[in-house]
Amino acid sequence: MLVVSLIFGVVVCFFLPIIGLIFLMIRKKGTGKAFLFGVLAFTISQFVIRIPILTLVLPQYAWFNILSIQPWKYGLFLGLTAGVMEEGARWIAIRFFLKGRTDLGHGLAFGLGHGGIEAMVLVGLNLAAALIMIIVGQGALLPATPLMAFFAGYERLMTMGFHIGASLIVMYGIRVGKEFRYLIAAIVLHTIMDAAVVVLSAVYHVGSVGIELYCTAVGIITLAAGMYLYCRKVDRTKIN
């Protein structure tokens, strides 16, 4: 069962974004560029800016160390900073580097790139390494259980859905000239998504299943909202 769960996670983290990209590139010219900027938006906002600040700079300040032992405030702080950085990076990339490419196909590709690279780097590499260990006969050394491996892949699937939805929301705002309104909406959704991971576990002692159910709900709502904006009948003439 562990092998099946690991394969599921690897497929979600690596093959799903790649297959999705190939499909979109066949259907819509220029979606490869949107995918690439989605990758860059996450990489720069998180790995280059936010994570180094959180791990290297802020721990030097007393207020941050005090904040880190207050689950509600710490969860909201992490969620809000993630929302501002990632959604801000989405807005910059789409607004200045994807001018005129704000249709549904480009939005899907951008979100897939953003969520895909996050899944590959944060989860996919570990799952792939675990799978290789089993193949070479070192599976006994793994601390992971089938359920843990499954949840890792499932959580990435829901997170990718969230990133696609958030990308569509930000992109739609730029398309209709109401970019800051929709940017704020995306930041709020992002904050709600990420803050709960800390708050639910630390304050309410919610387990993995409960947290995954919460993330599923927020991810589906965000994806549905983004798709609704682009697919509602009243706007089809503007989108196509």
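The mean pLDDT of the protein is 94, and 97% of its residues reach 70 or more; the coordinates are those of a predicted model, and every value below was computed from them. Among the elements of the protein, helix H2 has the highest mean pLDDT, at 98, whereas helix H9, covering residues 236-239, has the lowest, at 45. The weak stretch can be placed with some precision, since pLDDT stays under 50 over residues 236-240, and for these residues the model has 7 contacts beyond four places in sequence.

**Nonpolar interior**

The largest nonpolar core holds 45 residues, of which Leu6, Ile94, Leu98, Phe110 and Val170 touch the most other members. The elements that give two or more residues to this core are helix H1 (2-27), H2, helix H4 (71-97), helix H5 (104-135), helix H6 (146-175), helix H7 (179-202) and helix H8 (208-231). Among these contributors, H5 gives the most, with 10 residues. Leucine 6 offers a view of the packing around one of the core members: leaving out residues up to four places away in sequence, leucine 6 touches Leu127, Ala130, Leu131, Ile134 and Ala149. Apart from this core lies another one, of 8 residues, which includes Met193, Leu200, Ile211 and Cys215. As a general background, nonpolar side chains tend to be buried together in soluble globular proteins.

**Nonpolar residues at the surface**

Which residues make the nonpolar surface patch of about 900 Å²? The patch is formed by Leu36, Leu40, Ile44, Val48, Ile49, Ile53, Leu56, Val57, Tyr61 and Trp63. Helix H2, which spans residues 31-57, gives the most to the patch, with 8 residues. Leucine 40 is found in helix H2, and its relative accessible area of 34% makes it partly exposed, because that value falls between the limits of 20% and 50%. H2 therefore appears in two settings, since H2 is listed among the elements that give two or more residues to the largest core and is also the element that gives the most to the nonpolar patch.

Leucine 76, found in helix H4, is likewise a partly exposed residue, with 42% relative accessibility. Leaving aside neighbours within four places in sequence, leucine 76 is in contact with Thr191 and Ala195. The C-alpha atoms of leucine 76 and isoleucine 192 are separated by 8.0 Å, although the two residues are 116 residues apart along the chain.

**Salt bridges**

Side chains of opposite charge can pair when their charged atoms come close. The structure holds 5 salt bridges, and three of the pairs are set out here.

| Pair | Closest N to O distance | Separation in sequence |
|---|---|---|
| Aspartate 103 and lysine 28 | 4.0 Å | 75 residues |
| Arginine 95 and glutamate 179 | 3.1 Å | 84 residues |
| Glutamate 118 and arginine 156 | 3.2 Å | 38 residues |

The pair of aspartate 103 and lysine 28 links distant parts of the chain, with aspartate 103 in the loop between H4 and H5 and lysine 28 in the loop between H1 and H2. Aspartate 103 counts as buried because its relative accessibility is 12%, while lysine 28 is partly exposed, with a relative accessible area of 35%.

Arginine 95 in helix H4 and glutamate 179 in helix H7 also link distant parts of the chain. Arginine 95 is partly exposed, with a relative accessible area of 30%, whereas glutamate 179, with a relative accessible area of 14%, is buried.

Glutamate 118 lies in helix H5 and arginine 156 in helix H6, so their salt bridge ties together parts that are 38 residues apart in sequence. Both glutamate 118 and arginine 156 are buried. Salt bridges that share partners join Glu118, Glu155 and Arg156 into one network.

**A backbone feature**

Histidine 205 lies in the loop between H7 and H8, and its phi is near 55°, a positive value in a residue other than glycine. Most residues other than glycine have a negative phi. Is histidine 205 buried or exposed? Histidine 205 counts as exposed because its relative accessibility is 65%.

Technical notes: Residues numbered from 1 in each chain as written. Predicted model: local features only at pLDDT ≥ 70, side-chain atom pairs only at ≥ 80, totals over all residues. Heavy atoms only, no water. Patch = residues over 30% accessible without salt bridge, like charges linked within 9 Å, V, L, I, M, F, W, Y side chains within 5 Å. Areas by Shrake-Rupley, 256 points an atom, 1.4 Å probe, with all protein chains shown as cover. Salt bridge = Lys/Arg side-chain N within 4 Å of Asp/Glu carboxyl O. Buried < 20%, exposed > 50% of the residue type's maximum accessible area, 1.4 Å probe, protein only. pLDDT = per-residue confidence, 0-100. Contact = heavy atoms within 4.5 Å. Core = buried A, V, L, I, M, F, W, Y, C linked by side-chain atoms within 4.5 Å.
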